[in-house]
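Visitor: Could you walk me through this structure? I have it open for the first time and would like to ask a few questions.

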2 protein chains.
Amino acid sequence: MSTPGRGLHGHVLETLGPAIAAGEYPPGSVLRTDELAQRFDVSRSVMREAVRVLESMHLVESRRRVGVTVRPKAEWNVYDPQVIRWRLAGADRPQQLRSLTVLRSAIEPVAAGLAAKYATAGQCAELTECALGMVAHSRGHQLEGYLIHDVAFHRVILNASGNEMFARLGDVVAEVLAGRTHHEVMFEDPDPAAVTLHVQVAEAVRAGDAARAEHLTREITVGALQELDILAP
Amino acid sequence: MSTPGRGLHGHVLETLGPAIAAGEYPPGSVLRTDELAQRFDVSRSVMREAVRVLESMHLVESRRRVGVTVRPKAEWNVYDPQVIRWRLAGADRPQQLRSLTVLRSAIEPVAAGLAAKYATAGQCAELTECALGMVAHSRGHQLEGYLIHDVAFHRVILNASGNEMFARLGDVVAEVLAGRTHHEVMFEDPDPAAVTLHVQVAEAVRAGDAARAEHLTREITVGALQELDILAP
DNA sequence: GGGATCAAAAAGTCAGACTTATTTGTCACA
DNA sequence: TGTGACAAATAAGTCTGACTTTTTGATCCC
């Protein structure tokens with residue numbers, strides 16, 4: 001799924017990144033490059049490259065005579081896919097999942113509306129295929145098969161929106177949906193109403209009915225919010 | 001505004017990054033670390049650090065025996081603030097501005113709805129203050145003063161939403177609004193209707209009327225879309 | 001023609017010496 | 001006593017050169 005840490009530098013990142021993302025080093029903590037290099041048993045050049053990457057994600061700040069200081073979470077590049085993965089892998093998982101679900105609830109309806117305008121015939125066909133796949137796997141504990149088609153469905157919508165920034169959220173949505181199936185409680189078959197909504201969205205997009213596609217998708221995302229007990233007064 | 005390239009490594013990035021983001025090196029182009037180091041007159045270590053950062057942004061991919069290859073735009077980390085700045089600074093500016101405006105149209109209404117629920121008294125006061133500032137600078141070619149309050153207004157909304165990912169879009173929105181005032185055609189005073197809408201949003205948030213805040217903000221963003229001739233069949 | 005083998009190329013890694021900026025502490029002077 | 005300048009310590013920043021490893025592509029043999 002994610003890029004396996006290529007090279008020593010990548011290995012260091014995959015250890016240090018999640019640790020910082022999980023809040024193991026409180027904001028303001030100071031690390032020293034030399035000490036880290038020793039701890040990970042790599043040369044300073046390798047460690048410096050890793051620090052540079054963490055710095056580009058705004059997780060840390062490197063200053064002369066001071067060291068490498070951890071930045072407060074509010075300054076992190078929280079849209080960096082790697083940061084998202086690291087946070088999902090650690091103690092910050094619940095909050096990250098909530099943030100992402102709220103983000104989905106904003107993006108996906110608009111994306112569906114745009115998809116209704118701009119989707120190609122091929123994309124409409126894909127969408128219908130995905131929806132049918134979801135229906136086919138919606139009963140009898142075929143959760144994995146259902147997930148695959150669910151992810152594909154939302155990916156097609158985001159891509160068909162024609163907006164490059166929406167399209168890049170495909171991986172994030174995939175991660176959220178996979179998380180819901182794998183980590184969270186998900187013993188029962190998916191909600192039949194949700195399945196129906198997906199079929200209807202596919203149909204609305206095919207028909208070019210932007211308002212209807214947007215509205216139906218909003219209902220889907222409201223369901224996702226309710227699953228996490230977001231909403232309420 | 002942005003971080004001025006600290007160190008040699010930062011200087012290299014500020015030259016190479018924009019060049020790649022502007023599409024000067026077509027996808028698949030191969031660069032060699034040693035050659036780049038010579039070109040920028042820095043050591044290989046410095047160049048390697050720069051390449052690592054570009055790689056973490058998914059702008060390039062470094063492979064042994066091959067070199068540093070430029071990735072297709074569809075794979076870039078388009079939410080990285082630095083990438084956004086680089087794209088806004090170059091030939092990709094129009095498309096980047098459109099993408100961001102569409103993104104705003106999805107995010108901000110939802111953020112405003114959440115702000116109506118979660119904004120503190122202080123944030124409501126700030127919001128009203130910003131709206132009044134916009135009114136005060138809405139006539140007589142006080143574009144700079146208007147911009148400052150406009151940016152502040154949208155920042156408060158995003159922060160008050162309580163969603164960390166929305167909050168991080170403050171800088172992006174600021175960049176879009178500033179671009180509209182400085183680069184695009186903006187000789188006349190702002191649309192009075194837009195000013196009124198901002199005041200009404202502030203009032204709706206203060207009153208805790210989420211649906212109204214969301215709807216009014218949607219009208220604002222529709223206006224932004226129309227300015228760029230987005231919409232239409 | 002196809003598969004194994006070998007050589008070249010470029011990134012990856014390391015070690016060590018040196019430079020530079022920044023902080024902190026000290027000391028003299030007002 | 002407070003304040004300013006100056007000096008020392010510290011950790012990042014930079015450079016260089018040698019070496020390793022992976023991958024590719026060409027060659028050679030069957």
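Visitor: How many residue pairs are in polar contact between chain A and chain B?

Guide: A polar contact here is a pair of N or O atoms within 3.5 Å; within protein, one must be able to donate a hydrogen and the other to accept it, and residues adjacent in sequence count only if both atoms are side-chain atoms. This is a predicted model, where local features need pLDDT of at least 70, side-chain atom pairs count only at pLDDT 80 or more, and totals for chains, interfaces and linings use all residues. Side-chain values use heavy atoms, without hydrogens and water, residues are numbered from 1 along each chain as its sequence is written, and chains are lettered from A and ligands numbered from 1 in the order in which they are written. With both residues at pLDDT 80 or more, the count between chain A and chain B is 23 residue pairs.

Visitor: Which element gives the most to the side of chain A that touches chain B?

Guide: Helices (H or I, at least four residues) and strands (E, at least two) are DSSP runs, numbered from the N terminus. Among the elements giving two or more residues to that side are helix H3 (44-56), strand S2 (60-63) and helix H5 (93-118) of chain A. With 13 residues, the top contributor is H5(A).

Visitor: How large is the area buried between chain A and chain B?

Guide: Buried area is the accessible area (1.4 Å probe) that two parts lose on being put together, summed over both. The contact (heavy atoms within 4.5 Å) takes 43 residues from chain A and 42 residues from chain B. Carbon and sulfur atoms give 53% of the buried area, which is about 3,500 Å².

Visitor: How many salt bridges does the rule find across the interface of chain A and chain B?

Guide: The rule asks for a side-chain nitrogen of Lys or Arg within 4 Å of a carboxyl oxygen of Asp or Glu. One such pair is Arg6(A) and Glu55(B), at 3.7 Å, N to O. Over all chains the structure holds 30 salt bridges, and across this interface the rule finds 8.

Visitor: What separation is there between the centres of domain 1 and domain 2 of chain A?

Guide: The bounds come from an automatic or database domain assignment, which gives domain 1 (7-75) and domain 2 (92-227) in chain A. Taken over C-alpha atoms, their centres are separated by 36 Å.
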